[in-house]
Structures are given as C-alpha cells and as structure tokens.
Amino acid sequence: MQQGEVQGEQWSSRLAFLYSIGAAAIGLGTLWRFPYVAGANGGGAFVILYILFVMAICVPLMIAEMAIGKRGHGSAMTSVDSAIIAAGAWRGWRTIGTLSLLIPFFGLSYYSIVAGWAIDYSIASIARGFAGFDAEQSRAMFGALAASPVRGGLLQLTFIMATAIVVGLGVRRGIETVSRIKMIALFVILIGLVIYNALTVGLGPSTQFLLQPDFAALGAEGVLTALGQALFSTAVGVGVLITYSAYLPAESSLPRSSMALAGGVIIVALLTGFAIFPAVLAYGLKPAEGPNLIFVTLPIVFGKMAGGRIIAILFFGLIALGAFTTAVGMLEPVVAWLREKTGMGRAPLAAMAGFAIWLVGLPSLLSFSTLSDFHPLAFAGMTGKTAFDLLDFTIANLLLPANALLLAVFVGWSCRGLIGARETGLAPRMLGAWRFVIRFVAPIAILGLGVHLLL
C-alpha cells in the first residue's frame with residue numbers, strides 16, 4: 001500500500017468524525033483519572049485551570065495535529081513524513097511519527113489492564129453487587145483481582161481482542177458504529193447518575209467542591225497536574241488525532257471540530273465529577289483518595305446507596321465502554337501504519353497487533369503479582385517503580401508531553417509556511433493568535449510540566 005492509500009476510507013459525515021474522535025479521547029483519562037486528580041488538588045481551582053488549559057493550549061495543539069493528518073491522508077508516520085518533505089524540514093522530525101505509533105502501542109499494553117478491571121467490576125456488579133461492603137472488603141476484592149495473573153490476563157486479552165475486532169471492521173462499520181453507541185450511552189448514563197444524585201443525596205456539597213475555587217489549596221504542583229490532565233484527556237500527542245483526521249473530507253473545519261471535542265471532554269469531566277463526588281461526600285469518604293477512588297472507594301459507596309447495585313452496573317459498564325473506544329483509537333494508528341507497510345487487510349493486522357500488545361503488556365500485568373518485587377530501573381534509583389509503574393510514568397509523563405512539545409515546535413516553526421489558514425481552516429484574524437500559542441505558549445507550558453515531573 002502506497003503513501004496516502006489509507007485514506008481510501010472516510011468518515012460518513014463530519015458528525016461521525018466528531019463522535020468517533022470524542023469516543024477515542026474520552027476514556028479512562030476523563031472517567032477514571034480526572035475525578036481523583038481533581039479531588040487530590042482542591043476541586044474547583046483545579047477544574048478552572050483544567051478548563052483553561054484545554055481551551056487555550058490543547059485546542060491549538062489539536063488543530064495542529066488534525067492539520068497534519070488531514071493534509072497527509074495517511075498513517076501518523078506517513079502524514080508527518082509528507083509534511084517534512086513538503087516543508088523541506090529536518091528529517092529528525094520523523095520522531096513525531098514514531099512516537100505517535102509507540103505511545104498508543106505501549107500505552108494500550110497497560111491501559112488494557114485497568115480496562116480489564118473495569119470489566120471485572122461490571123460483572124461483579126451484575127452478579128452480586130457490593131451491599132454491605134466496608135473498606136477492608138473492598139480493598140481485599142481489588143487486591144485479589146490485581147494479584148491474579150490468570151484472571152487479569154484473560155480479561156486483558158479479551159478486551160484487546162474485542163478492540164481488534166472493531167478496528168478490523170474498518171472506519172464506518174467498526175469505529176463509527178461503536179463510537180456512536182458509546183457517546184449516546186455515555187451522556188445518558190452520566191446524566192442519569194447526576195439526576196439520581198440530585199434526587200437522593202443532593203448536589204450542594206459537590207457543586208461547592210467542584211465549582212467553588214480555593215486557589216490556596218492548589219499549589220504549583222496542582223497547576224502542572226491540571227496541564228498534564230488536559231493533555232492526557234484530549235489525546236494530544238497520542239497519534240489518534242493525526243490518524244482519524246486522515247479520514248476527513250477536504251472541506252471539514254478543524255477549528256469547529258477541535259472546539260467541539262474540547263467542549264465534549266470538559267462537559268463529560270464535569271458530569272463525571274457530579275456522578276461521583278455527591279455520594280462520596282455524602283457518605284463521609286475522601287474525594288482525594290487517589291487512583292483507588294474508583295475501584296476501592298466507590299464500591300463502598302454503592303453498597304450503602306438505595307439502588308446501589310443498579311448504579312454500580314451502570315457506572316462500571318460506563319468505565320469499561322469508555323476504555324474500549326479509547327483503546328480502539330489507540331490501536332487504529334498502529335493498524336493504519338501496518339496497512340501501509342504490508343498491504344495486508346485490516347482484520348489480520350488488527351489481530352496480530354492486538355496479540356503483540358497483549359504480550360508486551362504481560363510484565364505490567366504481572367507487576368501486581370509474581371513481578372511485584374521486580375523494579376527494572378532500581379539501579380537508577382527508581383526502587384519503587386514496577387514494570388507497570390515505569391511504563392505508565394514513561395508514557396504519560398515523558399513521551400506524551402514530549403510528543404506534544406515536538407508537534408508544537410514542528411508545526412509552529414518548521415511548517416510555518418506550509419500549515420496556514422487554508423490547512424487549518426482558521427480565519428486570518430485567528431491565525432496569528434493560533435501561531436503565537438503553538439510557537440511560544442504551548443512549548444513553554446509543556447517544558448514547565450516536563451521539568452517539574454523530572455525534578
């Protein structure tokens with residue numbers, strides 16, 4: 001398959017692109033990570049900064065990524081190569097294309113573990129619920145799941161292979177169909193949970209917690225965490241924006257698409273907060289519980305609630321579905337590139353790539369059981385990081401911000417004569433502001449985040 005031939009497929013409409021890119025971006029980063037990082041960083045002040053960073057920094061970066069993909073009509077690697085050749089730029093910028101393949105490949109290898117947990121909790125919610133659960137029982141349940149390599153491995157493999165089936169079906173039959181179902185279910189379930197909370201425990205305390213800023217409780221670390229969460233939850237630098245934009249018709253508006261995606265991410269993040277925190281606060285539990293908020297704290301809450309079993313089924317089903325469409329978005333860049341390199345069909349390539357991702361993820365899976373004492377970089381002083389921790393840290397805190405930084409510098413400086421009003425769809429009066437953010441604001445902000453994470 002030659003350069004650009006991956007564009008033989010197209011989205012059926014602009015709306016199909018929007019809900020597909022939204023379904024890919026809105027996953028565990030928003031449904032799982034946002035609630036606990038917001039809770040750990042003071043609530044309202046963090047939320048305000050998060051929204052500011054999404055709109056002021058991530059939207060311009062999304063436009064830049066989409067412009068590369070829409071112009072290149074190929075995989076992330078092909079689209080970046082096309083821009084390099086057309087701009088006469090340094091060949092080293094191919095690193096962007098490489099990272100846009102490596103980040104989703106290795107990211108999915110450990111992301112699928114957490115997704116497997118969500119599937120298991122969905123099944124547990126249906127089978128028995130969490131009635132009467134106390135903190136000790138909840139921790140024991142999660143500990144048993146995480147420590148079982150066979151159970152976890154089967155869940156992980158099932159999740160990845162289901163993802164491969166959808167990607168193998170193609171853009172319209174597979175990705176669009178699942179994404180449409182996910183986005184409808186997402187809003188119906190989240191709005192239903194918020195209404196349920198309003199009628200049972202009330203939204204007053206959570207409204208104060210999420211919307212009333214207390215900047216004294218934030219601190220410099222919280223500011224940088226808000227920026228990292230904004231990048232993480234909008235899928236900037238992951239490769240999916242470039243790849244999905246390659247399937248766009250030429251007349252599509254990138255500014256409207258990026259604003260719609262940003263707005264959707266923000267709305268879902270807030271709805272998730274209002275779906276989780278009212279019950280957490282009502283039962284005297286801590287919103288700053290950290291990553292255990294979903295799998296340890298919430299089962300206790302569901303066990304105390306009237307109708308908690310139904311709520312648990314809906315909530316953990318939502319987490320699993322959200323993770324699934326994000327996984328589809330992570331696998332598609334890999335499969336698109338493999339199609340170009342091999343000329344093979346989607347279905348076998350998706351299956352082979354999925355199985356390879358599962359194999360690569362085994363050390364991360366075993367980090368919670370047989371390899372729990374294995375610390376790959378202990379010699380470098382990282383004695384507390386297992387294979388899972390190390391991969392998560394490397395992808396989320398190093399490679400993803402690094403790729404976002406490279407994209408900003410590449411588009412803002414090396415491609416300044418190539419990607420302009422025509423490619424981005426920006427009005428002339430907005431083009432200057434966009435370039436200023438891409439050239440100066442975004443790189444400085446991302447560098448600040450990177451320095452903080454490394455110190």
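**Close-up 1. Packing of helix 2 against helix 12.** In this predicted model, helix 2, which spans residues 28-40, packs against helix 12, which spans residues 254-282, at an angle of about 70 degrees and with the two axes 9 Å apart. Angles of 65 to 115 degrees count as roughly perpendicular, and helix 2 and helix 12 are therefore roughly perpendicular to each other. The crossing that helix 2 makes with helix 12 is right-handed. On the side of helix 2, the contact is made by Thr 30, Leu 31, Phe 34, Pro 35 and Gly 39, and these meet Val 265, Val 268, Ala 269, Thr 272, Ile 276 and Phe 277 of helix 12. Of the residues in this contact between helix 2 and helix 12, eight are nonpolar and three are polar, while none is charged.

**Close-up 2. Surroundings of Gly 8.** Gly 8 lies in the segment that comes before helix 1, the helix of residues 14-25. With a relative accessibility of 71%, Gly 8 counts as exposed, because the cut-off for that class is over 50%. Although 65 residues separate Gly 8 from His 73 in the sequence, the C-alpha atoms of Gly 8 and His 73 are 8.9 Å apart in space.

**Close-up 3. The salt bridge between Glu 9 and Arg 346.** Six salt bridges are present in the structure, and in one of them the side chains of Glu 9 and Arg 346 meet at 2.7 Å, taken from N to O. This pair links distant parts of the chain, since Glu 9 belongs to the segment before helix 1 and Arg 346 to helix 15 (residues 346-366), with the two positions 337 residues apart in sequence. Arg 346 has a relative accessible area of 9% and is therefore buried.

**Close-up 4. The salt bridge between Arg 151 and Asp 120.** Here the side chains of Arg 151 and Asp 120 form a salt bridge with an N to O distance of 2.9 Å. The two residues, 31 apart in sequence, connect distant parts of the chain, with Arg 151 in helix 7 (residues 149-169) and Asp 120 in helix 5 (residues 95-127). Arg 151 counts as partly exposed at 33% relative accessibility, whereas Asp 120 counts as buried at 10%.

**Close-up 5. Arg 422 with Glu 423, and a salt-bridge network.** Arg 422 and Glu 423 are joined by a salt bridge in which the closest N and O atoms are 3.3 Å apart. Arg 422 counts as exposed, at 75% relative accessibility, while Glu 423, at 18%, counts as buried. Elsewhere, Glu 9, Glu 332, Arg 339 and Arg 346 are joined into one network by salt bridges that share partners.

Technical notes:
Residues numbered from 1 in each chain as written. Predicted model: local features only at pLDDT ≥ 70, side-chain atom pairs only at ≥ 80, totals over all residues. Heavy atoms only, no water. Axes fitted to C-alpha atoms, helices over the stretch in contact; angles between N-to-C directions. Helix = DSSP H or I, 4+ residues; strand = E, 2+ residues; numbered from the N terminus. Parallel < 35°, antiparallel > 145°, perpendicular 65-115°, else oblique. Left-handed = near helix turned anticlockwise from the far one by under 90°. Contact = heavy atoms within 4.5 Å. Nonpolar A, V, L, I, M, F, W, Y, C, P; charged D, E, K, R; others polar. Buried < 20%, exposed > 50% of the residue type's maximum accessible area, 1.4 Å probe, protein only. Salt bridge = Lys/Arg side-chain N within 4 Å of Asp/Glu carboxyl O.
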